[in-house]
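Grab a pencil and have the viewer open. Here are some short exercises, each with a worked solution.

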Amino acid sequence: MLATRWEPWNELTRLNREMDRMFGRGGNRRSSLAGVGSFPALNMWEDEANLYAEAELPGFAIDDLEIYVVDNQLTIKGERRPPELEGGVWQRQERGYGNFSRVIELPIEIRAEGVSAELKNGVLHVTLPKTEAVKPRRIEVKVT
């Protein structure tokens, strides 16, 4: 008698693949940026003077993007237009296109009028200057 061992992780992996297929998150179906989860992927860090955000946006031009800071929220909006194919037939099309919008709650108060952004090699760099109230201040200690 041949005994088959039940592998629950294999079943979960199969279920995950099936869900991806059903909701268009993989394979060669036409996809949209909205179905990719949190898009764009984003890192955020700070130093004494600024908060920094970097978002991966390969294939975007600066004219495709809108960046807003309102009430301590950073909003990055954009659109990747569908590629135009002349004289050929798509065999596989996994890259998403369409509109996206991502809103990130900022962890500290910033000066919205000083925000700057740069798109370089497919990465959006946003510099958000801190308000004076949240910057660390060195306190002089008096000896008496």
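What follows is a set of exercises on fold, ring pairs, a hairpin and the core.

This is a predicted model, where local features need pLDDT of at least 70, side-chain atom pairs count only at pLDDT 80 or more, and totals for chains, interfaces and linings use all residues. Residues are numbered from 1 along each chain as its sequence is written, and side-chain values use heavy atoms, with hydrogens and water left out.

**Exercise 1.** Work out the order of the elements in the protein chain.

*Solution.* Start with the tally: one helix and seven strands, taken as DSSP runs numbered from the N terminus (helices are H or I with at least four residues, strands E with at least two). Then read from the N terminus, which gives α-β-β-β-β-β-β-β.

**Exercise 2.** Classify the ring pair Phe39 and Phe100, then that of Trp45 and Tyr52.

*Solution.* First, the rule: rings of Phe, Tyr and Trp (its six-membered ring) pair if their centres lie within 6.5 Å, with planes under 30 degrees apart counted as stacked, over 60 as edge-to-face and the rest as tilted. That yields four aromatic pairs. One of them, Phe39 with Phe100, has 5.1 Å centre to centre and 85° between the planes, making it edge-to-face. This pair ties together distant parts of the chain, 61 residues apart: Phe39 sits in the loop between α1 (8-22) and β1 (42-46), and Phe100 in strand β5 (residues 98-105). For Trp45 and Tyr52 the centres are 5.3 Å apart and the planes at 25°, so call it stacked. Finally, ring pairs join Phe39, Phe60 and Phe100 into a cluster.

**Exercise 3.** Buried or partly exposed: sort those four residues by relative accessible area.

*Solution.* The cut-offs are under 20% for buried, over 50% for exposed and partly exposed in between (1.4 Å probe, protein chains only). Phe39 has 14%, so buried; Phe100 has 7%, buried too. Tyr52 is buried at 18%, whereas Trp45 is partly exposed at 40%.

**Exercise 4.** Describe how β3 and β4 pair.

*Solution.* Two strands pair if DSSP finds at least two bridges between them. Strand β3 (residues 65-70) and strand β4 (residues 73-80) have six, in the antiparallel sense. Across the pairing, Glu66 stands opposite Lys77 in β4. The two strands make a hairpin with two residues between them, and Asp71 in the turn shows a positive phi of about 50°.

**Exercise 5.** Which residues does Leu57 touch?

*Solution.* Count a contact when heavy atoms lie within 4.5 Å. Leaving out residues up to four places away in sequence, Leu57 touches Phe39, Pro40, Leu65, Phe100, Gly122 and Leu124.
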